[in-house]
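Biologist: I would like to learn how one reads helix packing, domain annotations and the surroundings of a ligand. Could we go through them one at a time?

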Amino acid sequence: MSAIRKKLILVGNGMAGVRAIEHLLKLAPEAYEITIFGSEPHPNYNRIMLSSVLAGGASMDEIIINDLEWYRSFNITLYTGHTVTSIDTVERKVYTDKGIEARYDELILATGSNPFMLPLPGAEKEGVIAFRDIKDTRIMQETSQKYKKALVIGGGLLGLEAARGLLHLGMEVSVVHIHDYIMERQLDEAASVMLRKELEEQGMKFLLKKQSEAILGKKRVKGLLFTDGEVAETDLIVMAVGIKPNIELARKSSIKINRGIIVNDYLETNIPGIYAVGECAEHRGIAYGLVAPLYEQGAVLAKRLAGVPTEGYTGSITSTKLKVSGVDVFSAGQFTEQPGSRALRYQDEIDGVYKKLVIQDDKLIGAVLFGDTNDGAQLFSMIKKSENIKGKEKELLLGISGDALASPKGNRLEGMADDEIICGCNGVSKGAIAEAIQSGGCTSVGQIKACTKASASCGGCKPLVEGLLQLYAGDHVVTVKEGICGCTTLGRDEIVAEIKRMELKTVKEVINVLDWSNEEGCAKCRPSLNYYLGMLWPEEYVDEKESRYTNERYHANIQKDGTYSVVPRIYGGVTSPAELIKIAEVAAKFEVPLVKFTGGQRLDLLGVKKEDLPKMWEELDMASGHAYGKTLRTVKTCVGSTYCRFGTQDALGMGIRLEKAFERLNTPGKVKLAVSGCPRNCAEATIKDFGVVAIDGGWELHIGGNGGVHVRATDLLCVVKTDDEVLEWASAFLQYYRENAGWNERTAQWVERVGLDSIKQALELKEERLALQERIQKTLSLTTDPWKQIVNEPELRKNFEELSQPETV
Ligand SMILES: Cc1cc2nc3c(=O)[nH]c(=O)nc-3n(C[C@H](O)[C@H](O)[C@H](O)COP(=O)(O)OP(=O)(O)OC[C@H]3O[C@@H](n4cnc5c(N)ncnc54)[C@H](O)[C@@H]3O)c2cc1C
Ligand SMILES: NC(=O)c1ccc[n+]([C@@H]2O[C@H](COP(=O)([O-])OP(=O)(O)OC[C@H]3O[C@@H](n4cnc5c(N)ncnc54)[C@H](O)[C@@H]3O)[C@@H](O)[C@H]2O)c1
Ligand code: SF4
Ligand code: FES
C-alpha cells in the first residue's frame with residue numbers, strides 16, 4: 001500500500017513556481033499530490049521569450065515550457081484561468097474566483113509581479129497596455145495591423161524590447177523616458193548613448209527627459225500630454241516603467257509583507273506551511289525581477305519541501321542582457337563606481353565597442369559591455385565567485401579569448417563545479433550540459449539548446465556553452481554556420497555570392513531582397529554590406545556614409561571629450577623641415593592642445609573642434625592619413641641602405657612607394673605595413689599585416705602579423721628579388737584579402753582562419769597575381785582624397801560647420 005501523499009498547492013503557474021515543482025519532482029517524485037492554480041489560460045510558458053515573439057524570433061507554441069501532457073504525466077491537477085482569491089491559513093484551504101476550494105498541507109505562493117501602470121488621467125482608455133503576458137503581446141500584434149503609431153513609456157529593458165518588437169511589426173515607435181539617458185538602471189551614460197544611437201539607426205525614436213501628464217483621446221488613446229505642454233500623437237501606449245510584486249493574496253491572509261512577501265533563506269513566510277518564491281517574494285530586502293535568482297530560489301525551496309538538506313538561499317548578484325537583435329548590451333553587478341572602487345574603461349569608436357569593469361579590493365564587482373558581449377558570461381562568473389583578478393585586469397578588459405575558456409591553461413570551465421549555473425535564463429547547470437554532451441551525444445549549440453534549453457532565451461550564455469562543447473566534445477564539435485548578425489541567417493560568403501549573383505547594388509536592396517529580419521539592418525551588418533558592395537562594384541557603388549561609423553564619416557578620430565584628432569599622411573614616415581614648419585604653424589593657429597608622434601611615425605594633432613576640421617585640412621594641404629578607418633594606415637620604415645651601415649636595400653624608398661600605391665584603399669580591417677632595410681628588422685615588419693624585410697639580393701614578404709591585443713608574428717609568404725615584384729605580391733595579397741576576408745576581420749585572424757597554404761596557393765600563379773593586381777589598381781584609380789573633397793565641396797563642408805555639437809560615438 002502506498003503512503004498517503006501530502007497535498008501541495010502552487011498558486012501561480014509561472015516561471016518560478018513551476019520551476020520549483022520541476023526540481024521537487026526530481027528530488028521526491030512521490031512525496032506530494034500537487035495542484036496548481038494559474039490566472040492565465042495557458043500552461044507554463046517562458047515569459048522572457050515574449051520579446052522574441054513580438055520581434056518575430058519565436059512563435060507562441062515555441063515558448064511553452066511545460067505542455068498539458070507534462071502536467072498529466074506527473075498527475076498534477078492544473079486549473080488554468082483560475083485566480084486564487086483567498087487563503088484560510090487555519091483550515092489550510094484556498095478558494096478560487098471560479099468557486100473551487102482545495103485543501104493543502106503545504107502552499108507555495110508564486111504570484112509574480114504586476115506591471116506598474118502610471119496613474120495618469122486617461123490610463124483606462126483603449127490602446128493603453130502593459131507588456132507582461134501573452135494577452136498583451138497579442139494586443140500589440142493586432143494593433144500593428146490597424147494602427148501606425150506607438151509610444152512606449154519607459155526606456156528600461158522591457159520598454160526597449162517592446163519598442164523593438166513594435167518596430168518589427170511595422171509601427172512608428174517612440175520611447176518616452178524620464179531620464180536623460182536610457183537603461184540607467186543597467187548602464188553608465190557612455191554605453192547608454194551608444195545604445196541609443198544604434199537603436200535610432202534601427203528606426204526607434206526617443207523622447208528623453210519627458211514626464212507624462214495625461215493620456216488624450218475619447219474612447220481610444222490619441223496622444224500623450226507631457227508636463228512641458230508638448231503632445232505626442234499615438235495609437236498605442238505601452239507602459240514599461242517597472243513592476244511591483246503581486247502580494248494581494250498574501251496581504252488578505254495575514255502573511256507578512258513589505259514590498260514583497262517576506263521570506264527567510266528557506267523561502268518560508270511567517271505562516272507555517274506557506275512559502276513564497278519568485279518575483280512576489282522579498283528575500284533580505286530584495287524582490288528580484290529576473291529569472292536567474294528566481295530559479296535559484298526554486299531549487300532551494302524544492303530541497304526544503306523534499307526534506308533534502310540545503311544551506312538555504314543567500315541572495316543573488318544579477319546580470320542582464322538586452323534581447324534586441326543586432327545590439328549587444330550586457331550589464332552585471334555593481335556597474336557604477338562607489339567610494340573604494342575603481343573603473344577601467346575601453347572604448348573603440350571605430351568598431352562601436354565599449355567595456356567597463358568595476359574593481360574593488362582586486363575583485364571584479366561589476367561590468368558593462370556594449371558592442372561585444374562575448375565575455376559577459378565569463379565576467380559574470382568571476383563577479384559571482386569574487387575571484388581575485390590582480391594582474392589580469394587588462395586582459396579581462398581587452399577580452400578573454402573564447403579558446404581560453406576551454407584551454408588547459410585557461411581551465412576556467414574545467415574548474416567550475418558541476419552545479420554551477422551556466423544558463424541563468426533557463427537554470428541549466430554545467431553538469432547538465434556536460435551530460436548532454438557526454439551521454440546525450442550533443443555536438444552543437446543547437447542540439448544542447450534542444451536538449452537542455454541552455455542558450456534558448458537571451459543567448460548570453462552561448463560562449464560558455466561553446467566552451468563546454470570544446471572541452472567535452474573536442475574534435476566532434478559541429479560548428480553551425482551563423483549569420484553575420486542577428487538580422488540574417490546568412491553568412492559572409494553567402495551574402496557576397498548573392499550580391500554578385502543578383503547584382504544587388506545598395507545596402508537597402510540587400511536587406512530587402514535577402515530577407516533581413518530587421519529592415520533597418522544593425523550596426524554590424526550595415527557597415528559590412530557597405531564594404532562588400534564597394535569591394536564588388538568599385539565603379540558603380542556609391543559609398544553610404546550613414547552605414548559608416550562616426551570616425552569614417554568625419555575623416556578624423558573622435559576623442560573622449562568630443563573633439564577630433566588630425567593625422568596627415570607622412571609617406572614612409574619621411575618629412576621635411578618645410579612640412580614640419582607648416583604643420584607647426586597650423587597647430588599653433590588652431591590652438592591644437594596636443595601634438596604627438598604616433599607609433600606609425602606620423603604627427604597627430606589632437607583636440608581639434610569639428611567645425612575647424614575642413615579649415616585645418618585646407619591649410620595643411622596634405623593628404624588624409626586615414627588614421628580613422630578600415631583602410632591602409634601606415635607604412636613604417638627604417639632608414640635602410642640610404643643611411644644605415646647594415647642596410648642592404650632602400651627601405652625608405654620601398655616604404656614610400658608602397659604607401660603611395662595603396663593609400664585610400666578600403667579593406668575589411670585596418671592594414672599596417674612596414675619595411676626594414678635588413679634582417680635586424682628595426683621597423684618591426686614581422687608584426688604587421690604586410691611586412692617587407694630586406695635580405696641580401698632581395699626581399700622577404702611576410703603576412704598576417706599583429707601587434708595589438710593579441711600579438712601575432714607574421715608568416716613568411718615568399719622571397720622576391722625586385723622592387724616591382726614586391727609591389728606585385730603586395731597588390732595581389734591585399735586584393736585577395738579584400739575579396740575573401742569577412743568585414744572587420746584583420747589579416748592576422750584571416751590568415752589563421754583560412755591557413756597560410758591556401759593563400760600561398762591562391763597567389764602562386766603569376767597570371768592570378770596580375771589579375772588581382774589589375775583589380776586593386778582599378779579600385780585605387782577610383783579613390784579620391786576625402787579631405788580635399790570636403791575642402792572643395794561647399795555642400796560637404798557645411799556638414800562640419802553646421803554640426804558643431806560634439807558627437808560621442
Ligand atoms: C517581456 C518580458 C521579457 C523578459 N525578459 C527577461 C529576460 O530576458 N531575462 C530575465 O531574467 N527576465 C526577463 N523577464 C522577467 C521574467 O519573465 C520574470 O522575472 C519571471 O517571469 C518571473 O517569474 P514568476 O514565476 O515570479 O512570475 P510570473 O512568470 O509572472 O508568474 C506568475 C503567475 O502567477 C499568476 N498569478 C498571480 N496571482 C495569481 C493568483 N492569485 N492565482 C492564480 N494565479 C496567479 C500570474 O497570472 C502569472 O501567470 C521578462 C519579462 C517580460 C514581461
Ligand atoms: N532582457 C531582460 O533581462 C529583461 C527584459 C524585459 C524585462 N525584464 C525585467 O522585467 C521587469 C520590468 O522591466 P522594466 O524595464 O519595466 O523595469 P525597470 O524598472 O528595469 O525599468 C523601468 C524604466 O522606466 C523608467 N521610468 C520610470 N518611470 C517613468 C516615467 N514616468 N516615464 C518614463 N520612464 C519612466 C525608469 O527610469 C526605468 O529606466 C524588470 O524586472 C526587468 O529586469 C528583463
Ligand atoms: S633594419 Fe637594418 S637597415 Fe634598417 S635600421 Fe635596422 S639595422 Fe639598419
Ligand atoms: S543566460 Fe540567457 S539564454 Fe542562457
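**Reading a predicted model**

Modeller: Let us begin with a pair of helices, bearing in mind that this is a predicted model: the axes of helix α13 (residues 430–438) and helix α15 (residues 462–473) come within 10 Å and cross at roughly 50°.

Biologist: What word describes how α13 lies to α15, given that angle?

Modeller: An angle counts as roughly perpendicular from 65 to 115 degrees and as roughly parallel under 35 degrees, with values between those ranges called oblique. That makes α13 oblique to α15, and the crossing of the two helices is right-handed.

Biologist: Which residues make the contact between α13 and α15?

Modeller: From α13 come Lys430, Ile433, Ala434, Ile437 and Gln438, and they meet Val465, Leu468, Leu469, Tyr472 and Ala473 of α15. Sorted by class, this contact of α13 with α15 holds eight nonpolar residues, one polar residue and one charged residue.

Biologist: Where does the UniProt record place the BFD-like [2Fe-2S]-binding domain?

Modeller: An annotation is best read beside the model, so that a name in a record is joined to a stretch of chain. In its unreviewed entry, UniProt gives this domain at residues 421–470 and 484–533. In the model, residues 421–470 are 52% helix and 10% strand, with the end C-alpha atoms 18 Å apart, while residues 484–533 are 54% helix and 0% strand, with the end C-alpha atoms 15 Å apart.

Biologist: What other domains does the record list, and how much helix and strand do they contain?

Modeller: The unreviewed UniProt entry also places an FAD/NAD(P)-binding domain at residues 7–283, a span that is 24% helix and 29% strand, with its end C-alpha atoms 25 Å apart. The annotation "Nitrite/sulphite reductase 4Fe-4S", likewise from an unreviewed UniProt entry, covers residues 629–766, where the chain is 34% helix and 22% strand and the end C-alpha atoms are 31 Å apart.

Biologist: At what angle do helix α22 and helix α23 pack?

Modeller: Helix α22 (residues 651–662) and helix α23 (residues 723–740) pack at about 40°, with their axes 11 Å apart, and α22 passes α23 in a right-handed crossing. On the α22 side the residues are Met654, Arg657, Leu658, Ala661 and Phe662, and those they meet in α23 include Asp723, Asp724, Val726 and Leu727. This contact of α22 with α23 divides into eight nonpolar, one polar and three charged residues.

Biologist: How does α23 lie to helix α26?

Modeller: Helix α26 covers residues 766–781, and α23 packs with it at an angle of about 75°, the axes being 8 Å apart; the two helices are therefore roughly perpendicular to each other. Among the residues in contact are Trp729 and Tyr736 of α23 and Leu770 and Ile776 of α26. By class, the contact of α23 with α26 has eight nonpolar, four polar and six charged residues.

Biologist: Finally, which residues lie around ligand 3?

Modeller: For a ligand, one lists its neighbours and then sorts them by class. Around ligand 3 are Cys638, Gly640, Cys644, Phe646, Gly647, Gly677, Cys678, Arg680, Asn681 and Cys682, and this shell divides into five nonpolar, four polar and one charged.

Key
Residues are numbered from 1 along each chain as its sequence is written. Chains are lettered from A and ligands numbered from 1 in the order in which they are written. This is a predicted model: local features need pLDDT of at least 70, side-chain atom pairs count only at pLDDT 80 or more; totals for chains, interfaces and linings use all residues. Side-chain values use heavy atoms; hydrogens and water are left out. A residue is near a molecule or strand if one of its heavy atoms lies within 4 Å of it. Ala, Val, Leu, Ile, Met, Phe, Trp, Tyr, Cys and Pro count as nonpolar, Asp, Glu, Lys and Arg as charged, and the others, Gly among them, as polar. Helices (H or I, at least four residues) and strands (E, at least two) are DSSP runs, numbered from the N terminus. Axes are lines fitted to C-alpha atoms, for helices over the stretch in contact, and angles run from 0 to 180 degrees between N-to-C directions. Angles under 35 degrees count as roughly parallel, over 145 as roughly antiparallel, 65 to 115 as roughly perpendicular and the rest as oblique. A crossing is left-handed if the near helix is turned anticlockwise from the far one by less than a right angle, and right-handed if clockwise. Contact means heavy atoms within 4.5 Å.
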